[in-house]
Amino acid sequence: MNKIERLRAALAGEPVDCIPCGFWSHFPEEMQFGEKSVRMHEQFYNDTDIDILKVMNEHLYRLDVTVERPEDWQRIQPFSIAGSFYEDYLDEIRSVRSLVGQDVPILATIHGLLVSACHATDGPNQFTRLDNLITRHLKEDPEAVCKGLEAIAETLGELCEASVDAGADGIYYAALGGEEQRFDRKLFETYVKPLETRILERACRKGITVLHICKDHVRLPMYVGYPADAVNWAIHECGYGLKDGRELFPDMALLGGFDDRSGILVEGSRDEIRDEAARIIGEAGGRRLIIGADCTLPTELSHNRIKEAVAAVRELSAMQGEKGDYTMKITFIHANVFDGKSAELLKDQAVSIADGKIESVRPCDGEPQEGYEVIDASGMTMLPGLVDCHANIVGLITREQQYGVTPKTIASSTLRGVKEGENCINHGVTTIRVDTAGHHGTYALRDVFNEGCSQAPTWSCRAGRSAQPVATAGISATMWPTVPGRSAERSEMRF
Ligand SMILES: [Zn+2]
């Protein structure tokens with residue numbers, strides 16, 4: 001899959017070869033326009049290898065009327081994108097497209113209705129103020145202000161279309177105004193929501209549409225009904241997590257997971273980034289998911305950190321791919337099931353799997369659920385993966401015990417270990433804890449197995465021993481070494 005195929009599949013809820021990632025940050029002020037901006041986008045893309053490249057838009061909405069009173073908004077007229085200051089932004093999109101090629105998804109940034117109104121009256125970075133002009137005027141005289149917002153919505157709709165014509169695959173619409181302290185819900189739903197819906201409908205007809213609901217404490221349910229392919233909001237800054245998003249927006253992909261201004265992506269170790277990616281995937285499920293952040297990442301954040309997050313998601317996806325597709329939906333029918341709760345086999349069962357988890361085990365009667373691949377398991381027995389607490393996968397062979405360990409014997413012992421791993425899987429053992437004497441092959445094979453390079457169980461080595469391999473090439477290991485505490489530990493494992 002190339003990146004645009006991957007993104008389209010994720011948006012449609014279809015299987016993906018790995019979960020796509022989309023992160024972005026503003027560039028330093030002197031690099032925000034023209035050729036310099038284009039080069040920064042190229043560098044950001046090359047540094048991070050992200051799946052979606054959002055073209056930052058520093059071209060803020062402008063009005064040719066001065067707004068001082070609510071009735072002034074009525075004089076605002078829509079303007080044509082052609083020949084406007086937005087042409088410079090479209091040029092940046094064209095240049096970015098020509099640099100990264102056709103396979104990389106590009107999203108144009110569209111500052112939403114209210115933030116565009118704020119940019120044009122109070123200037124940049126003023127929207128968080130509760131007393132900014134657009135907020136005050138909309139509360140004072142919504143009918144008059146709405147006339148002006150209609151004109152702005154018309155222009156923004158055209159900008160969405162023009163961005164796709166310039167080479168973007170779609171748009172990233174930054175909506176504002178949903179914060180708890182901003183407007184009462186009725187005002188928002190009467191005057192803001194219909195106009196934003198109109199803009200997004202135009203965007204959806206033209207290309208991929210991502211709805212970004214910006215700022216803290218947003219009232220997410222107010223955005224139900226907005227048309228978009230994916231939704232992104234500050235899950236760390238409001239009461240709505242990824243699972244809530246799944247319920248509120250069942251037809252949209254979710255974009256996000258990481259905190260943006262602090263937390264693991266900004267401050268955590270590489271392992272913490274990886275664990276967080278695994279947690280996000282676990283919470284949201286691998287389907288219809290794009291890993292990203294609450295909002296724009298800090299300008300000064302090292303691109304390496306973003307690259308680590310992208311690499312972690314790829315690695316997790318690869319491991320999952322080896323052991324089963326996140327998105328598969330399968331029902332095994334006519335299986336005999338041993339569930340471990342009793343010695344009895346449950347006869348003729350239907351076992352359904354979705355999102356990598358067993359969803360149900362039930363008697364096999366009636367039609368299988370729709371949308372599930374059906375596999376006939378007649379005559380077969382299903383059972384949970386067995387755990388072997390003490391396996392010897394790579395052993396010292398007789399020759400090694402007699403004549404010592406050499407590079408050649410290490411190679412042959414290790415290859416035998418591969419076969420042992422296959423044997424484990426074929427006999428239903430999916431997890432092993434290896435207690436073999438510290439043969440070099442043990443550690444090499446554990447890493448290879450855990451990377452998913454071979455059909456083998458998940459593997460852990462006994463702590464303590466794994467840190468100090470005792471059989472070293474060239475040194476005779478004529479007997480199993482004695483390790484302190486071994487018998488005590490063994491009796492513990494026997495319960
Ligand atoms: Zn935001």
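Two residues are taken to be in contact if their C-beta atoms, placed from the backbone, lie within 7 Å. With that in mind, display the whole protein chain: among contacts between residues at least 6 apart in sequence, 74% join residues at least 24 apart. The model is a predicted one, in which local features need pLDDT of at least 70 and side-chain atom pairs count only at pLDDT 80 or more, while totals for chains, interfaces and linings use all residues. Residues are numbered from 1 along each chain as its sequence is written.

Colour next by secondary structure, where helices (H or I, at least four residues) and strands (E, at least two) are DSSP runs numbered from the N terminus; the protein chain has 15 helices and 15 strands.

Now select the open sheet, whose seven strands follow the order E1-E2-E3-E4-E5-E6-E7 with parallel pairing, two strands being paired if DSSP finds at least two bridges between them. At its edges are E1 (53–55) and E7 (289–293), each of which pairs on one side only. From one strand to the next the twist averages 30°, with axes being lines fitted to C-alpha atoms, for helices over the stretch in contact, and angles running from 0 to 180 degrees between N-to-C directions.

Within the sheet, pick E2 (residues 106–111) and E3 (residues 170–175), which run parallel and are joined by five bridges; here Ile110 stands opposite Tyr173 in E3. Add helix H7 (residues 185–206), which packs on the sheet and touches both E3 and strand E4 (208–213), its direction making about 165° with that of E3.

Move on to helix H4 (residues 113–121), where nine of its nine residues are buried, a residue counting as buried if 20 or more other C-beta atoms lie within 10 Å of its own. Leu113, Cys118 and His119 are among these buried residues, and the buried residues of H4 pack against E2, helix H5 (133–140), H6, E3 and H7. After H4 comes Gly123, with a positive phi near 95°.

Finally, show the nonpolar cores, each a set of buried Ala, Val, Leu, Ile, Met, Phe, Trp, Tyr and Cys residues joined through C-beta atoms within 7 Å. The largest has 102 residues, and those with the most contacts inside it include Leu113, Tyr173 and Ala309; helix H6 (residues 142–165) gives the most to this core, with nine residues. Centre on Ala309, which touches Cys21, Phe258, Leu265, Ile273 and Ala277, not counting residues up to four places away in sequence. Apart from the largest core lies another, of nine residues, among them Val394, Cys424, Val434 and Trp459.

How values were computed:
Buried ≥ 20, exposed ≤ 12 C-beta atoms within 10 Å, placed from the backbone.
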